[in-house]
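Student: Hi! Could you walk me through a protein chain today, step by step?
Tutor: Happy to, let's put it on the screen.

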Amino acid sequence: DPESDLHHIIQNCRAAKIMLLNPFGEGAFLRAKSIPDPDITLEHFREQIAKSIDFLKSLKVCEKDITLKLYKETPLFKLTVLGDYVFMKYYHAGLNVKEMPEYIFRHSSNHGSLFHPLYQFFLSRWRDSNIPEYDFATDELVYRDNSGNEVKREKLDSLAINPCSINC
């Protein structure tokens, strides 16, 4: 969203590592289903994520170093790491994340700070070989082994789940 806080930050950065919910995965279906607002649907999620991907593609054209990964699980947190700060919102079942409070943690030597565990959580997810990277040129998900070697590719939209197949 051009009005969001992150739009201008990402637009002006030199490099970014971004993880988004796979719009065709089970997690997107379950998240959309958990929100009682009739305007929040699976199609709404897919449109939002498609707009985000298009925005990131436009930055790649400008030769920004943007890496995108798409995870399939139902989201737990909305995390943003900007330098020495971590911004976090919790994805509560049944509530739009916009309604949730945002917590900000600053990098410090304080052992009680949640900055370090949240940053480590992001890094562990980023390094997870089960979370594929998005290829902006081909609209494919690229799966890699633990050594970083490509093992397979899949078209993003070919992974669309059948909502009737999910036993909720």
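Tutor: We can go from the whole chain to single residues.

Student: Before we start, what kind of model is it?
Tutor: It is a predicted model, where local features need pLDDT of at least 70, side-chain atom pairs count only at pLDDT 80 or more, and totals for chains, interfaces and linings use all residues. Residues are numbered from 1 along each chain as its sequence is written, and side-chain values use heavy atoms, with hydrogens and water left out.

Student: Cool. How many helices and strands does the chain have?
Tutor: There are four helices and eight strands. Helices (H or I, at least four residues) and strands (E, at least two) are DSSP runs, numbered from the N terminus. In sequence order the pattern reads α-β-α-α-β-β-β-β-α-β-β-β.

Student: And how compact is the chain?
Tutor: Its radius of gyration is 16 Å, close to the 15 Å that the globule rule gives for 168 residues, so the chain is as compact as a globular protein of that length. That radius is taken over C-alpha atoms, and the rule is 2.2 Å times the number of residues to the power 0.38. Along the principal axes, the C-alpha trace spans about 50 × 40 × 30 Å.

Student: What share of the residues is buried?
Tutor: Buried residues make up 36% of the 168. Buried means under 20% relative accessible area, exposed over 50%, and partly exposed in between (1.4 Å probe, protein chains only).

Student: What about contacts between residues far apart in sequence?
Tutor: Take the contacts between residues at least 6 apart in sequence: 54% of these join residues at least 24 apart. Contact here means heavy atoms within 4.5 Å.

Student: Let's zoom in on a helix. Which residues of α2 are buried?
Tutor: In α2, residues 26-34, the buried ones are Gly27, Ala28, Phe29, Arg31 and Ala32. Their cover includes β1 (15-21) and α3 (42-61).

Student: Is there a general rule about which way helix residues point?
Tutor: An α-helix has 3.6 residues a turn, so residues three or four places apart point the same way.

Student: Nice. Where is Thr67?
Tutor: Thr67 sits in strand β2, residues 65-71.

Student: Buried or exposed? I mean Thr67.
Tutor: Thr67 counts as buried, at 19% relative accessibility. Leaving aside neighbours within four places in sequence, Thr67 is in contact with Ala16, Lys17, Ile18, Trp126 and Glu133.

Student: New topic: aromatics. How many aromatic pairs turn up?
Tutor: A search of the whole structure finds six. One of them is Tyr85 with Phe87, a tilted pair at 6.5 Å centre to centre, with 35° between the planes. Rings of Phe, Tyr and Trp (its six-membered ring) pair if their centres lie within 6.5 Å; planes under 30 degrees apart count as stacked, over 60 as edge-to-face and the rest as tilted. There is also an aromatic cluster made of Phe77, Tyr90 and Phe121.

Student: Tell me about Tyr85. What does it touch?
Tutor: Tyr85 lies in strand β4 and is partly exposed, with a relative accessible area of 37%. Not counting residues up to four places away in sequence, Tyr85 touches Thr80, Ile104, Phe105, Arg106 and Phe115. The C-alpha atoms of Tyr85 and Phe105 are 5.6 Å apart, though 20 residues separate the two along the chain.

Student: And Met100, where does that lie?
Tutor: Met100 is in the loop between β4 (85-90) and β5 (103-106). Met100 is buried, with a relative accessible area of 15%. Apart from neighbours within four places in sequence, the contacts of Met100 are Lys89, Tyr90, His92 and Leu95. From Met100 to Tyr90, 10 residues apart along the chain, the C-alpha separation is 6.8 Å.

Student: Last one: which residue between α3 and β2 has an odd backbone angle?
Tutor: Glu63, in the loop between α3 and β2, has a positive phi of about 65° although it is not a glycine. Glu63 is exposed, with a relative accessible area of 73%. Asp139 also has a positive phi, about 55°, without being a glycine. Asp139 lies in the loop between β6 (133-135) and β7 (140-144) and is partly exposed, at 28%.
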